[in-house]
Amino acid sequence: MTDLPSLPQGTLDLLILRTLARGPRHGYGVARWIEETTDDALSIEEGSLYPALYRMERRGWIAATWKKSDLGKAIKVYALTDRGRVELRSRTAEWGHLIAAVDKVLRAR
Amino acid sequence: MPDDPKEPAGIDDEIAFHVEMQTQRYVAAGLDPAAARERAIQRLGDIERARQLCHRITVQIEMDKETNMERAAWWHGLRQDVIYAWRVMRKAPAFTLTALLTIAMGIGATTAIFSIVNTVLFRGAPYPNANRIGVIWNSYSATGLSQAAVAAAEFADIRDTSQAFDGVAALRPQTSSLSGGCAGGGSPCEPERITAYVVSPNLFDLLGVMPGQGRPFTAADGVTGAPRVVLLSDSLWRRRFGGDAAIVGRTITVGALPRTVIGVMPPGVKFPDAPIGFLRMPADLWIPYGWEQSRTDNRGNQVLGVLARRRSGVSQERAQADLDTIAAGFRQRFPDRYAEADVKWRLKAVPINEQIVGDVRTSLLVLLGAVSVVLLITCANVANLMLARGTVRRRELAVRSALGAARARLVRQLLVETGVLVAAGGALGIALALAAIKGLVALDAGNIPLLELAGLDVTVLMFAVVVTMVTGLLVGVAPAFRHATADPQRALAGADRASGDSSIRNRLRRVLVIAEVTLAVVVLVGAGLLLRSFARMVSVPTGFEPADTVVAQLALPRAQYDSEAKILAFQRDFLDRLSALPGATGASAVYPLPMSGDGWSGTVIVESQPAESGLPEPHAEYSVVMPGYFATLRIPVVEGREFTSADQVGAMRVAIVDDQFARRYWPGESAIGKRVTPFGRLPPGDTRWSTVIGVVGHVRRGGPRIESEPQFYLPALQAPELTLYFVVRTTGGEAPLLSAIRDTVRALDPQLPIARLSSTTALVSRVLARDRFNMLLLSSFGAVALAIAAVGLYGLLAFLVTQRTREIGIRLALGGRPGRVLRGVLGEGLILAAIGLALGCAVAAFAAPALGNLLYAVEPTDPLTYAGIVVVLLAVAGAASYLPARRATRIDAATVLRN
C-alpha cells in the first residue's frame, strides 16, 4: 500500500463531504464509498476517517444520528448540514483552482 | 427499526462495527475469518491514535455544548430581566413616565444644542480648505476689531507679491435685479432682487468646491471683454428655475446685462454662507471679474473683501508676517496714503472660521454649558426617583433575595431596569432633539452663522449615545448596588423605617436635592442676567416709533431710471399713491432705514470750523429722506422744521442734523442757519453747502449695542437715491397694507422687484435677534431646571412624610399640634432649598463672568437678579414643600395605629 499516492493535507475532509453529499452514511459506509469510487487507488488509513468525522461534527458541517444497524447494534450515521454544503462548495472550487494552477506549472515549457 | 436507541455508542462501537463489516466482506471474498479480520484491522491503520483523537473531540463537543447553554441561559435571563423590567415599569406608570420624560428632555435638549455647537463651532465653514483660508482686512486698530475692506490696487499687490499664499481672491457684493431665463421663456418670470457677488475667477478653486453641474470659472472669464458668464447657487436654481436641468447655456439678465449660465454650484454653497465683515448676504449668483485689472493708484477706494489661502505647511503667524512685510512696502511706496494713516494700520489676516463664528462662540458655549447643567439636574432627579422606588420595592427585592436570588442577579436586574428606562429615554430624547433642532433653526431665522447646516449626523448620534450611557451610569449604578446589598431579614421584618441603612439613603437623597437646587440656581442666575440685559436693551430709547408702520425697499434699476428727474418722478408718484391707501396716515422714504442693517457714514465738513491738525475731520452717519419722514417715524423735531416738497432741486440746499450733532459742533448756540456739506472742503461761495433748517432727535441706527455717531440728513428731493425704504404709517393694521403696497408697485412698474416688505417693527427687531435667541433659550433652560428641582424637592418631602406617617400620627394622637408638624416639614424643605440657594449663588457669582459680552449694562453680580432668583426659588420651594406638609397634618392617628 505504500506505493499508492497519499492524500494532500485537508483533502480527506473534502472527500468525506462529497461522499455525504450523496446521502447520510455511517463511517464504514464512507470508507467503502471512497474505496469503490477510487478503485482503492488512494492510501487512506480508514481509522483516520473517524477523527475527521468528529472534527467536522464539532464544526457543524455534519450532524450525527444513532440508528440500529443491520447487525442490531447502535451505529452513528452522519449527514451533511447546510453549513457543510456551503463548505463543500467552496472547498470544491478551491480544489479546482489548485489543480488548474498546479497543472499549468507542470505543463509549462 | 427504531431510530435513536437509548444508549448512544461511542467510537469503540463504531470501530468494532467497521471491523466487523469489513471482515464479513473479506470472508465473502474468500479469505478465512482470521486473515480477513487481520486485513480489516490493518486497513484501519493507527487505530489507537484515531480513538484518542475522537475521545478528545467528544469531550470538546460536550464542553462546547455547555458554553453554548450558559450563553443561551445568560441571554435568556437578560431577556427575562428586560421583560420583568418592562412589567415593573408598567406597574408604576407615574414613576416610569416621569423618569422617562425627564431623561428624554435632558438628553434631547443637550443633543440639540450639541448639534448646533458641533456644526457651527467644531465643523466650521463647509469648505475643504477652510482651515487654510484667511480673510484679509485693512485693520486700523490694535485690537483687531477694525475690519475695513481692501482696495483693488492693494489686492493686486498682495496677490502678486505674497510668499505665504498660494491663492488670493477678491469679491464684492452687488445687489442686482435678475430677470429672464425661465423655462419656456414666455412664462411670466418676475424680476427679483438678488445678491450677486463679483468675484475673482479663482474663488471656488481657492475654497475647494466645484460646480455641481456645468463648468467652473477660468481665468479667461475674468478678463474684461470676455463673454459675460455667471454661476448660480443651488437655491436660486431650484427656487427660480425649478431645478431646470437645461439651465446651463441659457441666458439670464443680471442688472440689465445678459449673461450665460455656465454652471450651478452644489447645494449648501452660498459663499459667503455667513456674514464675513461687510459681506453680509449669502450669494444667489457669482459673476467673474479679475479685480487685479482695476489696479489704480487709488488706494482709498476700499471696497473688496479678500480671501487668501496659505500654502500648506505655512502657519498663520508666518502668513501674518508676510502681510506685515507687504504692508511695510505699501508705506514706503505710498507715503501719502499710508504714512498718514493711523500708526496702528496693518494688513491683517483673520482665519475664516474665526471670522464666521467668532461672534457666537461665547453664546453657544454658554448654552451648551447651561443645557449640560440641566442634564445633570435631570440625572440627580431621576437617581432620586430611583432611590425612592427602591425603598418602595425593598420588600419585593428582599423576598427575591430570601428565595435564593444571588446578589449579582439582583444587581443585574436593577441595572437592566435602569438600562431599559434610560435607553428608552435616550431614544425618545434623540427624537426630541430632531424636533428641537428644527425649532431652533426656525427660531433663529438666519442669525447664527451656518446654523441651517445643523442636523443629526453620526457625530451627534454618537454624542447622544454617550450622553445616554453616562446618564445611565449616573442614574442607576449607585442605587442598584445600594438596594441589592440591603439586609433581607431586616427588610422583611419591616425594620426599614428609621433603620441605619435608610437614614444613609435619606442623607444621599437630601444631598441630591441640594445639588439639584444649586445647579438650578446657577442656570437661573444666567437666565436672569440675560433677561435683565434684554430688558435693558429693549428699554434703550431708539429715537423713533416703528409700531403701526410698514416698510418696503425699492431699488430702481439705473438703466431705466437714468436721470434724477425720472427717479424723483417715480418716487413722488409712488409716495402719493401710498399716502392715498386706505388706513394710511402718512408716507415717506429714507435710506438707510434705522436698524435695517444698512448704514452710511462719512466725513462732514462744518463751515468755518477747520479741523485741528492731527485730529480727524468730523465724522457722522447720514441719510437721505423724503418730506414727512420725521413725522412718519415720529422722530421729534427739536428745533426748526423738517423737509417739505419745496426743498427740491433748484431751491436752496438744506440739511437737518440731530441734537448730538448740534451740541457737538455748535455748543451753546442754535444750529439753524449753519452750513455743512459731505462734499469735502468747499470754498465759501460753493453752491453745494447745505444750510441747516432743523434739528431732530437722535436715532440709534445700529441698535442698542452700537453707539451711534452724530447724524445728519439731506433731502432726497435734492440728493436723489435709486434705493429707498418707503415707510407708511397706518391706523388700519399692518397686514392689509402689505398687499396694498405690492399692488401699488405692480401698477406703477410690473418689472420692479420689492425687497424687505414687512412691518417695520419686525424688520428692526432683527437687531436684537441673537440676544433674543440667547435669552429665550437660557430662560427656558432656567424654567426647566427650576421645575425639575421643585419636583425633586416635592418628591423628597412627600417621601419623608410617607416614611414618617407612623411617627407623625402618634405625635398628633398624643396632642401634637398640626401647626408644628406643618412647620417641621415646611422648614425642612426650606432649609434644603436655602442651602442649595446659597451654594448656587456662590457658584453663579463665580461662573457668571463667562457670559461676557452677552450681558448688556448688567454686572455678572447684579444684586437685583440674585435677589429675584432668591425670591422666586424660595417661593417655589415653599409651594413644593407645602403640599406634603399639609398632607402630614391630615394624617389620621387612629388609622395609622390600627395599621
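Is B:Glu669 buried, partly exposed or exposed, and what is its relative accessible area? Select B:Glu669 in the viewer to begin, keeping in mind that the structure on the screen is a predicted model. The residue is partly exposed, with a relative accessible area of 48%.

Add B:Lys674 to the selection, and a salt bridge with B:Glu669 comes into view, in which the closest N and O atoms lie 3.4 Å apart. B:Lys674 is likewise in the partly exposed class, at 23% relative accessibility. Next, select A:Glu35, A:Glu46, B:Arg25 and B:Arg43 together, which form one network joined by salt bridges that share partners.

Stay with chain B for the following stop and select B:Lys566 and B:Asp562, whose side chains meet in a salt bridge with a distance of 2.9 Å from N to O. B:Lys566 has a relative accessible area of 41% and is partly exposed, whereas B:Asp562, with a relative accessible area of 54%, is exposed.

Now turn to chain A and find helix α4, which covers residues 82-107, then select A:Asp103 and A:Arg107 within this helix. These two residues form a salt bridge whose closest N and O atoms are 2.8 Å apart. Because they stand four residues apart in the helix, about one helical turn separates them. A:Arg107 is exposed, at a relative accessible area of 61%, while A:Asp103 counts as partly exposed at 31% relative accessibility.

To finish, return to a view of the whole structure, over all chains of which there are 37 salt bridges.

Technical notes
Residues numbered from 1 in each chain as written. Chains lettered and ligands numbered in written order. Predicted model: local features only at pLDDT ≥ 70, side-chain atom pairs only at ≥ 80, totals over all residues. Heavy atoms only, no water. Salt bridge = Lys/Arg side-chain N within 4 Å of Asp/Glu carboxyl O. Helix = DSSP H or I, 4+ residues; strand = E, 2+ residues; numbered from the N terminus. Buried < 20%, exposed > 50% of the residue type's maximum accessible area, 1.4 Å probe, protein only.
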